[in-house]
Amino acid sequence: MTETDAPVRLSPGDPAPDFTLPDADGNPVSLSSYRGRRVIVYCYPAALTPGCTTQAVDFTAAAGDLAEAGLDIVGISPDPPAKLLRFREKEHLGITLVSDEDKAVLRAYGAFGPKKMYGKEVVGVIRSTFIVDAEGRIEQASYNVKATGHVAKLRRELGLA
């Protein structure tokens, strides 16, 4: 997949697309409510799948260190809130998960579109991670990240490992 295949690619300095999406309990979560703190916004394909579970469990394990460093975590997927609630309870997740069923926010972040999966081109969620600074701008944008080891890599890049 080339850079031109995706509709949007956010870069450092770009304003982070704002959103208000329901969390696992159906409560609205807005990116703008995090102003003054840095936020890791990560986009993942589907709750309760092996790779996404690994990533969510890793983010939960790192949440304390990340919070101490001034970083909150919000995970976005196209799953409905009820599925996010099952995911959170089954895996004992301690991070905020929000539902983007119409995929508008995922598209705004460039995290939905054509991707390669098992050698075939499909359209779906592109596993991506963004660090949004305290003013609501993109500090770092990573597309096509690996589910396994990504949180450890992020911690190293942030100097927290």
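What covers the buried residues of H1? The cover includes strand S3 (38–43), strand S4 (71–77), helix H2 (81–91), strand S8 (128–132) and helix H4 (150–157). The structure described here is a predicted model.

## Helix H1

Helix H1 is made of 19 residues, running from residue 50 to residue 68. At 1.5 Å a residue, a helix with this number of residues should span 27 Å. The C-alpha atoms at the two ends of H1 are 28 Å apart, which agrees with that expectation. H1 also has a kink of about 50°, and the kink is centred on Ala62. Just after the helix comes Gly70, which takes a positive phi of about 85°.

Which residues of H1 are buried? They are Cys52, Thr53, Gln55, Ala56, Phe59, Ala62, Ala63 and Leu66. Ala62 therefore appears twice in this account: it is the centre of the kink, and it is one of the buried residues, a class that requires under 20% relative accessible area.

## The sheet

The model has an open sheet of 5 strands, and their order is S5-S4-S3-S8-S9, with mixed pairing. At the edges lie strand S5 (96–99) and strand S9 (138–143), each of which pairs on one side only. From one strand to the next, the twist averages 20°.

S8 and S9 are paired in the antiparallel sense, with 5 bridges between them. Within this pair, Ser128 has Tyr143 in S9 as its bridge partner.

## Helices against the sheet

Helix H2 packs on the sheet and touches S4 and S5. The direction of H2 makes about 155° with that of S5. Helix H4 lies across S3, S8 and S9, and runs at about 30° to S8. Both H2 and H4 are also among the elements that cover the buried residues of H1.

## Salt bridges

Side chains of opposite charge can pair when their charged atoms come close. In this model the count comes to 8 salt bridges. Three of them are described below.

One salt bridge joins Arg88 and Asp25, with the closest N and O atoms 3.0 Å apart. This pair links distant parts of the chain: Arg88 is in helix H2, while Asp25 is in the loop between strand S1 (20–22) and strand S2 (28–30), and the two are 63 residues apart. Arg88 counts as partly exposed because its relative accessibility is 24%. Asp25 is also partly exposed, at a relative accessible area of 44%.

Another salt bridge is formed by the side chains of Arg155 and Asp65, at 2.9 Å from N to O. It too links distant parts of the chain, with Arg155 in helix H4 and Asp65 in helix H1, 90 residues apart. Is Arg155 buried or exposed? With a relative accessibility of 18%, Arg155 counts as buried, because the cut-off for buried is under 20%. Asp65 has a relative accessible area of 35%, so it is partly exposed.

## A pair within one helix

The side chains of Glu157 and Lys153 meet in a salt bridge of 2.7 Å, N to O. These residues both belong to helix H4 and are 4 residues apart, so about one helical turn separates them. Glu157 is partly exposed, with a relative accessible area of 41%. Lys153 counts as partly exposed at 41% relative accessibility.

How values were computed: Residues numbered from 1 in each chain as written. Predicted model: local features only at pLDDT ≥ 70, side-chain atom pairs only at ≥ 80, totals over all residues. Heavy atoms only, no water. Expected span 1.5 Å × (residues − 1). Bend = angle between axes of the 7 residues up to and from the residue. Buried < 20%, exposed > 50% of the residue type's maximum accessible area, 1.4 Å probe, protein only. Contact = heavy atoms within 4.5 Å. Pairing = 2+ DSSP bridges. Axes fitted to C-alpha atoms, helices over the stretch in contact; angles between N-to-C directions. Salt bridge = Lys/Arg side-chain N within 4 Å of Asp/Glu carboxyl O.
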